[in-house]
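Q: I have a structure with a ligand in it and would like to learn how to read it. Where should I start?

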Amino acid sequence: MTLGNLEGRHALVTGGGTGIGRAIAEGLRDAGAAVTVTGRRRDKLEEVAGCTPVVMDVASEESVVAGVAEARAAHGPVTICVANAGIAEGRSLRDTDAAFWRQVMAINLDGCFFTFRACIPDMLQAGWGRAIAISSIAGLKGLRGASAYTASKHGMIGLVRGLAADFVAKPLTINAICPGYVETAIVDQNLARIMERMGKTEAEALQVMQGANPHGRLIAPEEVASMALWLCSEGAASVHGQALQVSGGEF
Ligand code: NAP
């Protein structure tokens, strides 16, 4: 059995210009799908060869509705939707003021909701679909020093489970992927914070990050993309409402 080819499918990947989203977009493109990548920085989106860039801010429903309409006009109904855009700053409770809380929720949780709300009707109409939320290991357990991020990522899994219940027995699946620490800009930002907060050198800070995954290394974005591609295969048609870990042995 192969993963199959995705010719004729239109995939939209939020935050598709960098990191995990970019690896997923490239994987879907290589599997034959027409791919729209969205984000706020057009230059990053334009770097992803063979994909259509659409500037869109996931924290604004208006922007998401307009962005998905632009994508639809270019490639037809969105039948694969990957809600990946997110921010991962960790702050203590004392430093988590209302504005920071709202910003994390607006991008990570509202953004996933707006994206799914704009794309799932296309899948119902097309009679086939795959909706995927990129949550985190922090969607399943508490991440120290990052309660707002943890809450937003738990919320994404709650949204996936609720929608999966609503759309059970429909011709689409809705799942979450929960990565551990993946080698992207988010990890680079964390490195800087660990060096500052814990007084570590860069090498020591890197060791802290690598040690946070049970298998002792950072995960490649392509490893997360593999899981997304598998979820898009016909063989995964009965996988629905799940939170699937790509975390190097966290359980
Ligand atoms: P990244 O390279 O920083 O990707 C984040 C992407 O989200 C960027 O392309 C960014 O593009 C986009 N984005 C942020 N705010 C946005 C907004 N308001 N509207 C539209 N797009 C927005 O980091 P990454 O690691 O690949 O993160 C991707 C996802 O994986 C995130 O949801 C993150 O929480 C999750 N994750 C990451 C890790 C990890 O260790 N790296 C682990 C678990 C889960 P613009 O700035 O151009 O908009």
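Q: Which helices each supply at least two residues of the shell around the ligand?
A: This is a predicted model. The helices to look at are α1 (19–30), α5 (147–166) and α6 (185–198); each of them gives at least two residues to the shell around the ligand.

Q: Which residues around the ligand come nearest?
A: A residue joins the shell if one of its heavy atoms lies within 4 Å of the ligand. Here 26 residues are around the ligand, and T18, R40, Y149, V182 and T184 come nearest.

Q: How many residues of the shell are nonpolar, polar and charged?
A: The shell around the ligand has 12 nonpolar residues, 10 polar ones and four charged ones.

Q: Which atoms lie 2.9 Å or 2.8 Å from the ligand?
A: For a polar contact, look for a pair of N or O atoms within 3.5 Å. An N or O atom in the side chain of D57 is 2.8 Å from a nitrogen atom of the ligand. V58 uses its backbone: an N or O atom there lies 2.9 Å from a nitrogen atom of the ligand. In K153, a polar side-chain atom lies 2.9 Å from an oxygen atom of the ligand.

Q: How much of the accessible area of the ligand does the protein cover?
A: On its own the ligand has 870 Å² of accessible area, and the protein covers 95% of that.

Q: Why does the ligand lie between domain 1 and domain 2?
A: Check which domains give residues to the shell. Domain 1 (10–180 + 220–243) and domain 2 (181–218) both do, so the ligand lies between them.

Q: How many helices and strands does the chain have?
A: The chain has eight helices and seven strands. Its radius of gyration is 17 Å, close to the 18 Å that the globule rule gives for 251 residues, so the chain is as compact as a globular protein of that length. Along the principal axes, the C-alpha atoms fill a box of roughly 55 × 40 × 35 Å.

Q: Is H10 buried or exposed?
A: Buried means under 20% relative accessible area. H10 has 1% relative accessibility and therefore counts as buried. H10 is in strand β1 (residues 10–14), and its side chain makes a polar contact with the side chain of T36 at 2.8 Å. In the chain, buried residues make up 48% of the 251 residues.

Q: Is A169 buried or exposed?
A: Exposed means over 50%. A169 counts as exposed because its relative accessibility is 79%. A169 lies in the loop between α5 and β6 (172–179). The phi of A169 is near 70 degrees, a positive value in a residue other than glycine.

Methods:
Residues are numbered from 1 along each chain as its sequence is written. This is a predicted model: local features need pLDDT of at least 70, side-chain atom pairs count only at pLDDT 80 or more; totals for chains, interfaces and linings use all residues. Side-chain values use heavy atoms; hydrogens and water are left out. A polar contact is a pair of N or O atoms within 3.5 Å; within protein, one must be able to donate a hydrogen and the other to accept it, and residues adjacent in sequence count only if both atoms are side-chain atoms. Accessible areas come from the Shrake-Rupley method with a 1.4 Å probe; for residues, only the protein chains shown count as cover. Helices (H or I, at least four residues) and strands (E, at least two) are DSSP runs, numbered from the N terminus. Ala, Val, Leu, Ile, Met, Phe, Trp, Tyr, Cys and Pro count as nonpolar, Asp, Glu, Lys and Arg as charged, and the others, Gly among them, as polar. Domain bounds come from an automatic or database domain assignment. The radius of gyration is taken over C-alpha atoms; the globule rule is 2.2 Å times the number of residues to the power 0.38. Buried means under 20% relative accessible area, exposed over 50%, partly exposed in between (1.4 Å probe, protein chains only).
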